[in-house]
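Could we walk through this model together, one question at a time? I would like to start at the ligand and then move outward.

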Amino acid sequence: MTATPTVYVTRKIPEAGLARLRDRYEVVVRDEKLPPSKAHIERRLADLDADGLVCLLSDTIDADVLDASSDLSVVSTFSVGYDHIDLEAAIERDVAVGHTPGVLTETTADLAWALLMTCARRTVEGHAYVEADEWETWGPTLLTGPDVHGATLGIIGLGNIGTATARRAAGFEMAVRYSGRSRKPDREAELAEVGVDATYVDREELLAESDFVSLHVPLVESTEELIGASELRQMPDDSILVNTSRGGVVDTDALDTALEEGWIARAGLDVTDPEPLPGDHPLLRHAPSRLVVTPHIGSASIGTRDRMAEMVAACTEAGIEGEPLPHSARQDAGL
Ligand code: DGY
């Protein structure tokens, strides 16, 4: 009789996925709040002779980890992003890599809008003001900010999440511009159907003409610090930057200077570099008046996290059974 395959899960994911895995496999879950070290993952994979690994975006999965168990056939990450996984090394070792695209698109676009709105209308700052007992009277210029309706939204990276973010601009009668490696007529047509006229422009034009710039590119070599000092200087001084993609897409020191010197008005970040952002990080001196930070919760709706867990389980199952993955990072990366 062949042994039941073993799956190591680096942190507790929603039960929807774990239950499905437990039905078929030995499942070992590391029930801790903080991420394991790389050495810990390697040790556990080796001890368990694991066939599958379920990981999070905070785990580094490189060649050493992939070599830890000779039985490993699949790594399934509880994220759409797979920049923490050495895909080339996985391909070389014939280890399949699953991820969770699509399912978190709308939820993440919702959060991009939450940050956009809160930066524009200063809601976090307003709450802090009330809590500090500073609210003495109605004020004609108290906490004024720019209008969202009728403004120009610039989307850098019109992929799934960028398009979903742009689609929401219809309700605010905004002009939408986008930039990226190439023009996307299909996306433009999809947006036109809901009344959003998305215009393809080069990045310089987008930065110079947008009231709000929202980032939706994956973190790859060409997008590292895509937004640095020169880009921030191109933005109008009353503009707002929103980042729900990856922290490394923005040069943190340059953003610090931009907020300090007023090159832009405000920034809303769900992702940071470093991440997590320590509570005493210098960037936080701009909060809440110039900066709002959330702890990488773009996909954090209950329903979406449940669906992500189910997708992770489906990818793990397929990988262990030697079937094509329903959501293969390799395929989605065009490798
Ligand atoms: C992802 O999945 O890559 C998001 O950043 C977190 O849900």
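What follows is a short conversation about the ligand site, ring pairs, salt bridges and backbone.

Reader: Before we start, what kind of model is this, and how are the residues numbered?
Author: Happy to set the ground rules: residues are counted from 1 along each chain as its sequence is written, and side-chain values use heavy atoms, with hydrogens and water left out. This is a predicted model, in which local features need pLDDT of at least 70, side-chain atom pairs count only at pLDDT 80 or more, and totals for chains, interfaces and linings use all residues.

Reader: Which residues are around the ligand?
Author: A residue is near the ligand if one of its heavy atoms lies within 4 Å of it. By class, this shell has four nonpolar, four polar and one charged residues; here Ala, Val, Leu, Ile, Met, Phe, Trp, Tyr, Cys and Pro count as nonpolar, Asp, Glu, Lys and Arg as charged, and the others, Gly among them, as polar. The residues are L57, S79, V80, G81, L104, R246, H296, S299 and M308.

Reader: How far from an oxygen atom of the ligand does a polar side-chain atom of R246 lie?
Author: A polar contact is a pair of N or O atoms within 3.5 Å; within protein, one must be able to donate a hydrogen and the other to accept it, and residues adjacent in sequence count only if both atoms are side-chain atoms. G81 offers a backbone N or O atom at 2.9 Å from a ligand oxygen, and a polar side-chain atom of H296 lies 2.7 Å from a ligand oxygen. For R246, the polar side-chain atom is at 2.6 Å.

Reader: What share of the ligand's accessible area does the protein cover?
Author: Accessible areas come from the Shrake-Rupley method with a 1.4 Å probe; for residues, only the protein chains shown count as cover. On its own, the ligand has 230 Å² of accessible area, and the protein covers 91%.

Reader: Which residue of the W113 and F172 pair is buried?
Author: Rings of Phe, Tyr and Trp (its six-membered ring) pair if their centres lie within 6.5 Å, and planes under 30 degrees apart count as stacked, over 60 as edge-to-face and the rest as tilted. The whole structure holds two aromatic pairs, and W113 with F172 is a stacked one, at 4.8 Å centre to centre with 20° between the planes. W113 sits in helix α5 and F172 in the loop between α7 and β7, so the pair ties together parts 59 residues apart in sequence (helices, H or I of at least four residues, and strands, E of at least two, are DSSP runs numbered from the N terminus). Buried means under 20% relative accessible area, exposed over 50% and partly exposed in between (1.4 Å probe, protein chains only); F172 is partly exposed at 28%, while the buried one, at 7%, is W113.

Reader: And what angle lies between the planes of Y178 and Y200?
Author: These two rings form a tilted pair, with centres 5.2 Å apart and planes at 45°. Y178 belongs to strand β7 and Y200 to strand β8, 22 residues apart. Y178 is buried at 1% and Y200 partly exposed at 31%, and the angle between their planes is 45°.

Reader: How many residues apart are the salt-bridge partners D110 and R168?
Author: Side chains of opposite charge can pair when their charged atoms come close. A salt bridge here is a side-chain nitrogen of Lys or Arg within 4 Å of a carboxyl oxygen of Asp or Glu, and the count comes to 19. D110 and R168 meet at 2.8 Å, N to O; D110 is in helix α5 and R168 in the loop between α7 and β7, and their separation is 58 residues.

Reader: Where is K38, the salt-bridge partner of D64?
Author: K38 and D64 meet at 2.8 Å, N to O, and both are partly exposed, K38 at 26% and D64 at 44%. D64 lies in helix α3, 26 residues from K38, which is in helix α2.

Reader: Which loop holds P274?
Author: A cis peptide bond joins D273 and P274, with omega about 10°. Another cis bond joins E275 and P276, with omega about -5°. P274 is in the loop between β11 and β12.

Reader: What is the phi of H296?
Author: H296, whose side chain contacts the ligand, lies in the loop between β12 and α12. H296 is not a glycine, yet its phi is positive, at about 50°.
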